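Reader: Before I build anything on this model, I would like to go through its helix packing, its cysteines and a few single residues. Could you take my questions one at a time and give the cut-offs as you go?

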Amino acid sequence: MDMNHYYCLREPAHEIRLLDLLPATASGGLNGRVRRFSIGSTPTFVSVSHVWGDKKADRAMSLESGCGIRNLQISHNLESFLINMLCHTPETLPQIWEGSERLPMWIDMVCIDQVDNREKALQIPLMRDIYSKASSVVVWIHEYDSYLRYAFQYLRRIGRQGPGEEALFDPMGWDAIRRLLGCEWFHRRWVIQESVLPKNAIFLSGSDSISMNELFRGINMAISALLARPRPTKKLKPGNTGELRPIRVLRELRQAMETEQDRFGLFWLMEHLRFTRATFAHDQIYSLLGVCNAQEAAATSIRYDLEPEEIYKRSAMLHADIHGPSWVPNWHSQKLRRCLGLSDTGHQREFFNASSAIPFNPSFKGKQLTVSGVLVDRIRSIGDFCPRDRAFDFSDADSDLYQQYLDFWMTPVDEPAPYSDAVSRAETFVRTLSLLGIYLEPVPSPDDIPTIFYSWCSGSSLCKRLEAYGFKPKSNGRGPEQKTFIRMKRLASWDPFITVNGYMGLGRNGALIGDEIWLIGGCSTPVLLSSSVDSPSRYEVKGEVFLDGFMFQDQFAKTTHRNSLIERIVLI
């Protein structure tokens, strides 16, 4: 028998299996054949992107190979996909056919021995090549209902409209899109590389299909219709473009990968893809190796035998060697928040550069990281008026929450006073409350923030109190012509504080009175640290800080801290 039919891989670092879907067995069961190929000499094939699901692989298919016929356990989701494939002809789904022959498929659940961690460790680095070589990827959305059916129809229809045609807002269409993007596939981390790398992609749900380009065009038109809907409709049908983040990230990554293949750092991807999940904690990192830059991908060892925390630590050390420090975040946690200074894929990696004047010379010893830094200040008081369940109140400039911010931050302290007058304090209030617009896309110039903020809150009780302090927008800002909306709901994940020296600022949830604000060499923003009880030079990392006047190198150079002693401290 031809050796290419053997199921066992002789060189798993250089070979892959492909699945030929065959007619059903005599008993009506799924039937297939696997063949082995060198990664450099594969026939034309399609890849499949699907969600395994949380249930056990309790279905089976008959699989022929050079080792004989065996029953392979597969998931219910994969079973439904393969049955669906048997129903398609070259006319209904031409992407999976070449002439009258159905193309072989690469499906991770079938083509990688999932119980062999050694094989997985050697096959995962090949995924960049596998998905790049695939003629198409078929994305299987295993859910199917009337909303999803309408979503496909609506997106195809609206996507066909010409550039000059105005798309009318369709409330049912918007709900259908939200239902589609709420499907599990859009929130799984492995599917990122599966859909970004192939040349062509088609989404399949039940009997409906839509190409990825049609999906992108339809989403763009739907966003335009949402933003242009009349004011009465906005009140009756609330909606925001943040709900479309999963598809926007896919589009931006796919576009960028076409021009700059090795652009993305691993941690940059980890940060932007926090909304995605992986069943195994290790895969928070491994699932992105196909789309991160080649240097980090090649230097990352696949080790399922190690604890996830050790994998995170090794990745952090590798990142520090290549890009600069980021000390062991728990990427499997659902409590992580989006970092400052990171925006869409068209934005620079670093927006803030607070510590550029401080040497970057970290050293590792066991679980400890020693860094260089300058102590800026300590937290004296923290506002406790920001319940997390009131995030939507931040969209209303008349909310009583803003009055509490004003009362907390705008009451001058006797001594010391870092702000020269009420106007200076009000301008700092605006820059801090808006986080300098870092969550806007694209990120505006800091000079434009006062005008944008003023436009957003104009006529509100918040604006009237700021005007009473003498605040007014800068005349050199472009303001509303560039951006008129500030994503204030982000404030729900920040705690307002006042420092010992009287500065107002924002810290991540969990900040405590007495916590210290440091500029650490290599970190783009100030960092909040909590001193160890056992040793004053050992610190627990609390997270990033927004402290106006300390976010950029040229600002730091103007402060009294510019000649401060640079200390070596240990992060534990």
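Reader: At what angle do helix α15 and helix α18 pack?

Author: This is a predicted model, in which local features need pLDDT of at least 70 and side-chain atom pairs count only at pLDDT 80 or more, while totals for chains, interfaces and linings use all residues. Residues are numbered from 1 along each chain as its sequence is written, and side-chain values use heavy atoms, with hydrogens and water left out. Helices (H or I, at least four residues) and strands (E, at least two) are DSSP runs numbered from the N terminus, and axes are lines fitted to C-alpha atoms, for helices over the stretch in contact, with angles running from 0 to 180 degrees between N-to-C directions. For α15 (residues 400-409) and α18 (residues 461-468), the axes lie 9 Å apart and the packing angle is about 20°.

Reader: Which orientation class does that give α15 and α18?

Author: Angles under 35 degrees count as roughly parallel, over 145 as roughly antiparallel, 65 to 115 as roughly perpendicular and the rest as oblique. With their angle of about 20°, α15 and α18 are therefore roughly parallel.

Reader: Which residues make the contact, and how many of them are nonpolar, polar and charged?

Author: Contact means heavy atoms within 4.5 Å, and on the α15 side it is made by Tyr-402, Gln-403, Leu-406 and Asp-407, which face Ser-461, Leu-462, Arg-465 and Leu-466 of α18. For the classes, Ala, Val, Leu, Ile, Met, Phe, Trp, Tyr, Cys and Pro count as nonpolar, Asp, Glu, Lys and Arg as charged, and the others, Gly among them, as polar. The contact of α15 with α18 then has 4 nonpolar, 2 polar and 2 charged residues.

Reader: How are α15 and α16 oriented to each other?

Author: The axes of α15 and helix α16 (residues 422-433) come within 11 Å and cross at roughly 130°. The two helices are therefore classed as oblique.

Reader: Which residues of α16 does α15 meet?

Author: The α15 side of this contact consists of Tyr-402, Tyr-405, Leu-406 and Trp-409. Counted by class, the residues of the contact of α15 with α16 divide into 6 nonpolar, 1 polar and 1 charged. On the α16 side, the residues met are Arg-425, Phe-429, Thr-432 and Leu-433.

Reader: What is the orientation of α5 and α8?

Author: Helix α5 (residues 146-159) and helix α8 (residues 212-228) have axes that come within 8 Å and cross at roughly 80°. Tyr-154, Leu-155, Arg-156, Ile-158 and Gly-159 in α5 meet residues of α8 including Glu-214, Leu-215 and Met-221, and the contact divides into 7 nonpolar, 2 polar and 3 charged residues. By their crossing angle, α5 and α8 are therefore roughly perpendicular.

Reader: How many disulfides are there?

Author: A disulfide is taken as a pair of cysteine sulfur atoms within 2.5 Å. Cys-463 is in no disulfide, since the nearest cysteine sulfur, that of Cys-457, is 4.2 Å away. By this rule the count of disulfides is 0.

Reader: Is Cys-463 buried or exposed?

Author: Buried means under 20% relative accessible area, exposed over 50% and partly exposed in between, with a 1.4 Å probe and protein chains only. Cys-87, at 61% relative accessibility, counts as exposed. Cys-463 has a relative accessible area of 2%, so it is buried.

Reader: Which residues does Asp-377 touch?

Author: Asp-377 lies in strand β13 (residues 368-382) and is buried, with a relative accessible area of 5%. Its C-alpha is 9.4 Å from that of Gly-514, although the two are 137 residues apart in sequence. Not counting residues up to four places away in sequence, Asp-377 touches Thr-499, Val-500, Asn-501, Tyr-503, Asp-515, Glu-516 and Ile-517.

Reader: And what is the C-alpha distance between Gly-507 and Phe-546?

Author: Gly-507 is found in strand β15 (residues 504-508) and is buried, with a relative accessible area of 0%. Leaving aside neighbours within four places in sequence, Gly-507 is in contact with Ser-493, Trp-494, Asp-495, Phe-497 and Glu-544. Between Gly-507 and Phe-546, 39 residues apart in sequence, the C-alpha distance is 6.6 Å.
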